[in-house]
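Q: Please take a close look at a single part of this model. A connected account, suited to a reader new to the structure, would be welcome.

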Amino acid sequence: ASEVALQSNGSVLVNDTAALAGNLSILAGAGAHSAPARIELSQNSNLVAHEGNVTLQNLDTQNGSIKIGSKANIVADTTTTSAALGLVKIFFGNAPSFAPGGQPQNVIENKTAGLILYGNNGISAIPPTKTLISDHGLILFDTGALPSSAIALDGSVMITSQTNKTP
């Protein structure tokens, strides 16, 4: 698909999904829901946005969660020089904060003129290590008022943000 947008009042379980020429956005907790809204990326799954951004947004700021399954891979990239493309944003609420936060244990950062932000409360990173690559891009996490456990990365997850690359 050229652009992918998925919205749910409750929870969302995501397997392999790609936007080949645009954004890939997943929104949970968008309306009335009786159980906590969750976004879960299945084990060994891939979320890919070429020439766009990957956004995982949960509006359940009371009890929601976002879980990235083991060996999952998230990629947002662009061959243009646009700083507005190739971004990965995983957050709660209407808009994320841009608080740097601290790098959690079990996370390896590989940055080339890029940013990786964990928000005020950080995230949970379950062993073994996971790799975050920001090549002139941005990887942003923000749990809002929720604890770090609201965003959980299982083992061997890889998240990549690449912008300003030459074809």
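A: A residue is called buried when its relative accessible area is under 20%. The model discussed here is a predicted one. By that cut-off Asp154 counts as buried, because its relative accessibility is 14%. Asp154 belongs to the loop that lies between strand 16 and strand 17. Apart from neighbours within four places in sequence, the residues in contact with Asp154 are Lys67, Ile68, Gly69, Ser70, Ile126 and Lys130.

The strands on either side of this loop may be taken in turn. Strand 16 is part of an open sheet of five strands, which follow the order 2-5-8-16-13 with parallel pairing. The edges of this sheet are strand 2, residues 12–14, and strand 13, residues 124–125; each has a single partner strand, so one side of each is left without a neighbour in the sheet. For strand 13, two bridges make the connection to strand 16, which comprises residues 151–153, and the two strands run parallel. Within this pairing, Ala125 is placed opposite Leu153 of strand 16.

On the other side of the loop, strand 17 covers residues 158–162 and is joined to strand 14 by five bridges, again in a parallel arrangement. Here Asp135 faces Gln162, a residue of strand 17. Strand 14 itself spans residues 130–135, and five of its six residues are buried, which leaves the strand mostly covered. Lys130, one of the residues in contact with Asp154, falls within the range of strand 14. Strand 14 also pairs with strand 11, residues 107–112, through six bridges, and these two strands run parallel. In that pairing Lys111 stands opposite Ser134 of strand 14.

A second buried residue may be set beside Asp154. Gln57 is located in strand 7, which comprises residues 54–58. With a relative accessibility of 16%, Gln57 counts as buried, under the cut-off of 20%. A polar atom of the Gln57 side chain lies 3.4 Å from the backbone oxygen of Asn94. Asn94 is also among the contacts of Gln57 once neighbours within four places in sequence are set aside; the others are Ile26, Leu27, Ala28, Ile39, Phe91 and Gly93.

To return to the loop, Asp154 is thus a buried residue, at 14% relative accessibility, placed between strand 16 and strand 17. Of the strands that flank it, strand 16 is joined to strand 13, while strand 17 is joined to strand 14.

Terms used:
Residues are numbered from 1 along each chain as its sequence is written. This is a predicted model: local features need pLDDT of at least 70, side-chain atom pairs count only at pLDDT 80 or more; totals for chains, interfaces and linings use all residues. Side-chain values use heavy atoms; hydrogens and water are left out. Two strands pair if DSSP finds at least two bridges between them. Helices (H or I, at least four residues) and strands (E, at least two) are DSSP runs, numbered from the N terminus. Buried means under 20% relative accessible area, exposed over 50%, partly exposed in between (1.4 Å probe, protein chains only). Contact means heavy atoms within 4.5 Å. A polar contact is a pair of N or O atoms within 3.5 Å; within protein, one must be able to donate a hydrogen and the other to accept it, and residues adjacent in sequence count only if both atoms are side-chain atoms.
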